[in-house]
Structures are given as C-alpha cells and as structure tokens.
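Student: I would like to go through this model and learn how to read its features one by one. Please give the general idea each time, then the case at hand.

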Amino acid sequence: MHQTSTIIILSTLDITTTSWVLAITAACVIGISKAGIKGIAIINVTLMALAFGAKESTGLLVPLLVVGDIFAVIYYHRHTQWRYIIRLLPWMVLGVIIGVIIGKDLPQKIFKIGMAGIILGSVLMMYWWDQRKSKAVPTHWAFGGFIGILAGITTMIGNLAGAFSNIFFLAMRLPKNEFIGTAAWLFFIVNLFKLPFHIIVWETITTETLMVNLKLLPGILLGLFVGIRLVKIIKDKHYRKMILLLTAIGAVLILFR
C-alpha cells in the first residue's frame with residue numbers, strides 16, 4: 001500500500017521544481033548536520049516532508065542519512081566514545097521496533113500531524129534546554145533508557161531523534177569533537193538498522209526513491225563541504241534560535257500542505 005503511493009508521487013505526478021529545490025536544500029542541510037552542526041537536522045525532515053509528503057519522505061531520507069553517516073564516521077571516528085553508544089543503542093533499537101509497529105498502518109493525515117507534533121515538540125524541548133540556568137541532568141540508567149526509547153521511536157517515524165540524542169550527549173558533558181564522533185557512529189548503526197523496515201515493512205524505500213536519492217547526492221556533498229568549515233567557527237546563539245524558529249514554522253506548514 002505504501003509502496004504504491006510512493007511510486008505515484010515520484011513517477012506519475014512529476015516532481016515539481018519547488019519540490020526539487022526543497023529536496024536539494026534538505027540534502028545540503030543533511031550534509032551540514034552530519035559534518036557536525038548539530039541541532040539543524042530537524043530542518044531537512046521538514047523540507048523533505050513539504051516536498052514529498054510526511055510518510056514518503058521518511059524513506060527518502062534514510063539512504064541520504066546513511067551517506068552522511070559514512071562520511072561522519074570516517075572523519076570523526078577517532079573521537080568516538082563507545083561507552084555512551086553502548087548505554088544508548090539498545091534502548092534506541094527497542095524504540096525503532098516500537099516505531100515500526102506504531103507507524104506501519106497510520107493514516108497519512110495522522111502521520112502528518114504526528115510528524116508536525118514531534119518537530120514542534122523537539123523545537124520546544126531544545127529551546128527549553130537552551131534557556132535552562134542549570135545544565136545538570138540525571139545520569140541514571142533510566143534517563144538513558146527513556147531518552148533512547150523516545151529517540152528510537154522518533155527516528156523511525158520521522159527521522160527526528162536528534163533532539164533526544166543531543167540532550168543525552170549534553171548530559172554526558174561530551175566535548176564538541178567527542179559529541180560529533182559518538183553521535184556519528186550511533187546514527188550510522190541505527191540508520192542501517194532502520195533500512196530493512198523501510199524496504200520490507202513500510203515499503204517506503206523503492207527503486208524510484210533510490211533514483212531520487214542519487215540525484216540529491218551532490219547536495220549532501222556540498223553540505224558536508226560547508227559543514228566542515230562551519231563546525232570550527234559557528235557559536236552564535238542567535239543563529240541557533242533562528243534555526244529553531246524556522247523549523248517550527250516549517251512544522252506548521254506541514255499541517256496545511
């Protein structure tokens with residue numbers, strides 16, 4: 001059922017110029033995010049959902065994310081802190097499985113509302129985190145378990161685990177490079193784990209969607225090039241707030257698409 005709707009959208013209706021612009025921009029954002037500019041990944045989800053629809057965009061995104069992950073693990077692998085991956089990964093895997101079950105038969109309208117809600121919730125959560133005077137958070141295993149399950153569910157349903165994993169790694173007080181390197185391996189593993197579910201269960205990854213992915217690869221490469229340079233210089237809080245605001249607006253637009 002999901003495969004048929006994806007093929008219709010990508011083959012018979014023709015992808016509009018606007019959709020291509022949104023998708024290429026999303027691919028650039030993926031590259032920038034995977035290069036280390038954390039906190040902006042929600043934008044690529046919003047843009048792809050606007051370009052192709054909420055459910056279909058989840059399958060289109062995963063192969064692009066894996067490409068970005070491959071670069072990130074190669075570039076930042078020496079900074080990876082495996083003990084934090086081991087703490088979070090099993091819970092994320094459980095969350096992914098829950099997400100597969102929850103999301104498989106959701107009607108498109110509910111899926112779209114759910115995705116917009118998750119985006120807005122993630123934006124509010126990251127804004128709340130930025131405004132906190134105290135940065136102390138629980139480090140008990142239950143904290144990692146709760147964050148991991150939420151991250152797994154949201155990464156399967158909407159590729160939106162970034163906000164949750166960011167909070168976990170911030171709680172662990174990881175320095176910038178260790179943060180990026182650890183997140184890179186975590187999401188590389190999780191995104192590979194998600195692939196069979198998108199192909200076999202949800203049928204949101206098809207030959208047609210992979211052809212679209214191939215055309216979007218230059219956008220990822222451009223984003224990676226830009227991101228490598230930005231990660232060394234960007235520290236402006238106003239920029240982060242602007243990104244959160246634009247993301248929230250994008251989430252609202254999804255509801256009215």
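Student: Where in α4 does the kink lie, and about how many degrees is the kink?

Tutor: This is a predicted model, and the angle is computed from its coordinates. The kink is at Leu61 in α4, about 25°, shortly before the proline Pro63.

Student: What span should the 23 residues of α4 have, and how far apart are its end C-alpha atoms?

Tutor: The check is a rise of 1.5 Å a residue. Helix α4 covers residues 54-76, so 33 Å is expected, and the 31 Å between its end C-alpha atoms agrees with that.

Student: How many of the residues of α4 are buried?

Tutor: Buried here is under 20% relative accessible area. In α4, 19 of the 23 residues are buried, so the helix is largely enclosed by the rest of the structure.

Student: How should I read a salt bridge, and which side chains meet in one here?

Tutor: Side chains of opposite charge can pair when their charged atoms come close. In this model the count is one salt bridge. Asp69 and Lys34 form it, with 2.6 Å from N to O. The pair links distant parts of the chain, since Asp69 is in helix α4 and Lys34 in helix α2 (residues 17-34), 35 residues apart.

Student: Are Asp69 and Lys34 buried or exposed?

Tutor: Asp69 has 1% relative accessibility and therefore counts as buried. Lys34, at 10%, also counts as buried.

Student: What does α2 look like by the span check, and what do its buried residues pack against?

Tutor: For the 18 residues of α2 the expected span is 26 Å; the end C-alpha atoms are 26 Å apart, which agrees. An α-helix has 3.6 residues a turn, so residues three or four places apart point the same way. The buried residues of α2 include Ser19, Leu22, Ala23, Ala26 and Ala27, and also Ile30 and Lys34. The partners of the buried residues are α3, α4, α9 (176-201) and α10 (207-233). After α2 comes Gly36, with a positive phi near 130°.

Student: Which residues of the largest nonpolar core touch the most other members?

Tutor: A core is read as a set of buried nonpolar residues joined through side-chain atoms. The largest has 73 residues, and Met48 and Leu186 touch the most other members. Helix α3 (residues 41-52) gives the most to this core, nine residues. Leaving aside residues up to four places away in sequence, Leu186 touches Ile85, Leu88, Leu89, Met92 and Phe169. A second, separate core has seven residues, among them Ala72, Val73, Ala184 and Phe188.

Student: Is Arg83 buried or exposed, and in which helix is Arg83 found?

Tutor: Arg83 is in helix α5 (residues 82-103). With a relative accessible area of 51%, Arg83 is exposed. The C-alpha atoms of Arg83 and Thr182 are 9.3 Å apart, although 99 residues separate the two along the chain.

Student: How many helices and strands does the whole protein have, and what share of its residues is buried?

Tutor: The protein has 11 helices and zero strands. Of its 257 residues, 53% are buried. Among contacts with a separation of 6 or more, 87% join residues 24 or more positions apart. The accessible surface is about 11900 Å², and carbon and sulfur atoms account for 72% of that area.

Key
Residues are numbered from 1 along each chain as its sequence is written. This is a predicted model: local features need pLDDT of at least 70, side-chain atom pairs count only at pLDDT 80 or more; totals for chains, interfaces and linings use all residues. Side-chain values use heavy atoms; hydrogens and water are left out. Helices (H or I, at least four residues) and strands (E, at least two) are DSSP runs, numbered from the N terminus. The expected span of a helix is 1.5 Å times one less than its number of residues. The bend at a residue is the angle between axes fitted to the seven residues ending there and the seven starting there. Buried means under 20% relative accessible area, exposed over 50%, partly exposed in between (1.4 Å probe, protein chains only). Contact means heavy atoms within 4.5 Å. Accessible areas come from the Shrake-Rupley method with a 1.4 Å probe; for residues, only the protein chains shown count as cover. A nonpolar core is a set of buried Ala, Val, Leu, Ile, Met, Phe, Trp, Tyr and Cys residues joined through side-chain atoms within 4.5 Å. A salt bridge is a side-chain nitrogen of Lys or Arg within 4 Å of a carboxyl oxygen of Asp or Glu.
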